[in-house]
Amino acid sequence: MNYAREMEQQLAHIGTARPTLLLHCCCAPCSSAVLERLDGRFRLDALYWNPNISPETEYQVRLTELRRLAEEMPLTRKPDVFAPEYDAQVFFDAVRGLEAEPEGGKRCEICFRLRLEQTARLASAQGYEFFATTLTISPLKNAALLNEIGSDLAQKYGVSWLFSDFKKQDGYRRSVALSAEYGLYRQNYCGCVFSQNVRKPKTK
């Protein structure tokens with residue numbers, strides 16, 4: 001499925017209605033181009049729920065940058081940024097036994113579902129009409145898997161899923177440009193301690 005085209009069809013169907021949307025945000029750089037893309041099309045708020053991020057100092061830096069970006073971008077409507085209390089144990093419990101999995105494997109799939117399910121659950125509880133994620137803007141993330149998970153959760157929680165492949169149409173390149181424009185902190189690992197270990201230089 002062409003998820004970028006699927007989103008365009010959804011947006012065309014929505015027209016000028018501007019429904020509410022809860023956007024799962026992983027970090028400010030990824031969120032930048034997505035916020036710009038969806039601005040004016042939805043009344044959206046941001047959910048920063050990423051228990052996979054370690055250590056807590058890294059988690060807080062990314063949250064601070066996201067809040068700064070949401071405040072500084074000239075958006076039609078300033079999104080509220082919701083951030084539940086940091087609890088990395090939720091992630092470690094969910095992926096127990098999968099610590100040695102390679103990036104992009106089963107551990108990542110569980111991590112995606114964990115974060116998207118919390119977004120769908122909160123969207124449903126708070127009466128949002130749609131939910132979505134910024135994760136599809138990354139060239140390193142499996143957009144097909146993310147959209148499959150989102151579609152499943154939409155049925156489970158009764159909230160519409162916004163299909164996306166935000167890296168398309170130069171979305172990722174735009175996020176890099178906006179990150180430079182706003183001087184955003186850009187992390188060099190996805191967030192979890194396992195991905196961080198993969199990127200550490202090997203010593204002889």
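**Exercise 1. Which residues does Asp-165 touch, not counting residues up to four places away in sequence?**

Before we start: this is a predicted model, where local features need pLDDT of at least 70, side-chain atom pairs count only at pLDDT 80 or more, and totals for chains, interfaces and linings use all residues. Residues are numbered from 1 along each chain as its sequence is written, and side-chain values use heavy atoms, with hydrogens and water left out.

Step 1: Find Asp-165 in the loop between strand S5 (160–161) and helix H7 (171–182).

Step 2: Look for contacts (heavy atoms within 4.5 Å). With that sequence filter on, you get Tyr-3, Ala-4, Thr-136 and Ala-143.

Step 3: Check the accessibility. At a relative accessible area of 12%, Asp-165 is buried (under 20%; exposed is over 50%, partly exposed in between, with a 1.4 Å probe and protein chains only).

**Exercise 2. Work out how many disulfides the structure holds.**

Step 1: Recall that a disulfide is a pair of cysteine sulfur atoms within 2.5 Å.

Step 2: Try Cys-26. Its nearest cysteine sulfur belongs to Cys-30, 3.8 Å away, so there's no disulfide here.

Step 3: Try Cys-108. The nearest cysteine sulfur, on Cys-190, is 6.1 Å off, and Cys-108 is in no disulfide either.

Step 4: Write down the total: 0 disulfides.

**Exercise 3. Are Cys-26 and Cys-108 buried or exposed?**

Step 1: Take Cys-26, with 10% relative accessibility: it counts as buried.

Step 2: Take Cys-108, with a relative accessible area of 17%: buried too.

Technical notes:
Helices (H or I, at least four residues) and strands (E, at least two) are DSSP runs, numbered from the N terminus.
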